[in-house]
Structure formats: C-alpha cells, structure tokens
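Here are a few friendly notes to read alongside the structure. Take the points in order, and keep the view open as you go.

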Amino acid sequence: MSDITVVHVMRHGEVANPDGVLYGRLPGYHLSELGRQMAERVADHLSSRDITHVVSSPLERAQETAAPIAKSHGLELATDGRLIEAANVFQGKTFGVGDGALRRPENWKHLVNPFKPSWGEPYMEQVVRMMGALDTAKDAARGHEAVCVSHQLPIWIVRSFVERRRLWHDPRKRQCTLASLTTFTYQGDKIVSVGYTEPARDLVPAHLLAGAKPVKGKSKAFGA
C-alpha cells in the first residue's frame, strides 16, 4: 500500500437563498439549480480519481454536494459533524454589504475582537475539529483518496493553520470559492503539500469569486 493519501476538502455549491440570510447552521437550506450543476461538475472532475471515501458535513447543502461524488464512485456517503459550518451569532439575520448591520448598536458587542472572533466559533476550535475530521478521512482512505465536503470558513481556517498563516483575516480574500477543492496530501500521517483548484469556476457568479469586490445587496457571507 502506498504511504501517500490525498484528502480533498470541497466547499459546497451555491445555495437557494432568495432572502439573503446568513444561514450558518440553520436547517432547510438546499442547493440551487446552479449549485447542483456545480456539484455534478466536480463529480465529473473527480470521476477518474482513486477515491475510496466520501464524507460530508451534516448540513443539507453539503450532503447534496457530496452525493454525486459518492454515487460516481459507488460509495456510501458518510457524515462527520466536525465538518459543519462555523457557529455565528448573526445566523438567521441579513448581514451584508450596505445593509447597515455594522452601524446597529446591538451588534457592536459581537464585533469587539476580530482575532478570536467574538461573533462566532473561535478559530482554534475550528482548527481542532477540522484537523480531526481530515485525519479520520485520511485513515479511512489510507493509500487512496478521500473527499470531505464542508464550508468556506472552516476550510480556509484549517488551510491557514496548515500553511502557518495567521488565522484572523479579511473574509473577502479567502481562496475558497463555491465548489472549490482544497487538497491536502499526506505522506504517512504528515501533510506534505496543499493544493487548490476550482473545477466549477465558470459557473460561479463573479461577485462570489475569491478577491471579488463586495457588491451592495450581494454579501459573500450568504454562501458560507
């Protein structure tokens, strides 16, 4: 058996969210038709890979993104709660560019410490659970490849940790587009490289691409 194992961590596809809610861990948010196209595109992209394990966050949008990949490889889809979206006190609210959220006094208490961050799950807690999920996937697919479907912030935080970058950051600069793959290659139990690809880039709305300028009324936070 090879001592090289590859774990692809995929962000889910676009979600149907007409009201622009920061949905976080709320149930009932499913992929849009475009999101389903993204999921199928990535399944096609990975169809020839040696994938022996597919696991997802328990949230519907992640499960629906992972399903075509599992199906194309004849695998049962596993679920790991550690891959879930980061907790956020603004869950269920609109919190986008130009909506005045930062000017509301009731929100100020949640914005005092961007380094933790004070509005949600601490970054190091995300690192611990995501590293645990990746290790479990690596062990399940040892010598082969695994796919873990998760969410933007936890993926970016664990990548930043592995690449030894600071964990606090500008959310607009996360390199973790919808339906992207952040790929961790292990030699034995050690991560030796990190890669990034966007197999469905042409399907992603321009304002949701990494580094895009925020557009009023179109917050990038919605597609977390």
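1. In which sense do strand β1 and strand β5 pair, and over how many bridges? This is a predicted model, and in it β1 (residues 4-11) and β5 (residues 181-187) run antiparallel, joined over seven bridges. To find the pairing on screen, start from Val7, whose bridge partner in β5 is Phe184.

2. Now follow β5 to its other partner. β5 and β6 also pair in the antiparallel sense, over seven bridges. Here Gln187 has Lys190, in β6, as its bridge partner. The two strands form a hairpin with two residues between them, and Gly188 takes a positive phi near 65° in this hairpin.

3. With those pairs in place, the whole sheet can be read. Six strands make up an open sheet in the order β3-β2-β4-β1-β5-β6, and the pairing is mixed. Because β3 (77-79) and β6 (190-197) each have a single partner strand, they stand at the edges, and one side of each has no neighbour in the sheet. On average, neighbouring strands of this sheet are turned by 25° against each other, direction ignored.

4. As you look along any strand, one general point may help. In a regular strand, side chains alternate between the two faces of the sheet.

5. Next, the helices that lie across the sheet. Helix α2 (residues 60-72) lies across β1, β2 (51-56), β3 and β4 (145-150), and its direction is at about 165° to β2. Helix α4 (residues 123-140) lies across β1, β2, β4, β5 and β6, running at about 130° to β1.

6. Helix α4 also leads to a spot on the surface. Met124 lies in this helix, and together with Val128 and Phe161 it forms a nonpolar surface patch with about 290 Å² of accessible area. Is Met124 buried or exposed? Met124 counts as partly exposed, because its relative accessibility is 44%, and that class lies between the 20% and 50% cut-offs.

7. Finally, step back to the protein chain as a whole. It has five helices and six strands, and from the N terminus on the elements run β-α-β-α-β-α-α-β-α-β-β. Of its 224 residues, 51% are buried. Among contacts with a separation of 6 or more, 70% are between residues 24 or more positions apart. The chain exposes about 10500 Å², with carbon and sulfur atoms supplying 54% of that area.

Key. Residues numbered from 1 in each chain as written. Predicted model: local features only at pLDDT ≥ 70, side-chain atom pairs only at ≥ 80, totals over all residues. Heavy atoms only, no water. Pairing = 2+ DSSP bridges. Helix = DSSP H or I, 4+ residues; strand = E, 2+ residues; numbered from the N terminus. Axes fitted to C-alpha atoms, helices over the stretch in contact; angles between N-to-C directions. Contact = heavy atoms within 4.5 Å. Patch = residues over 30% accessible without salt bridge, like charges linked within 9 Å, V, L, I, M, F, W, Y side chains within 5 Å. Areas by Shrake-Rupley, 256 points an atom, 1.4 Å probe, with all protein chains shown as cover. Salt bridge = Lys/Arg side-chain N within 4 Å of Asp/Glu carboxyl O. Buried < 20%, exposed > 50% of the residue type's maximum accessible area, 1.4 Å probe, protein only.
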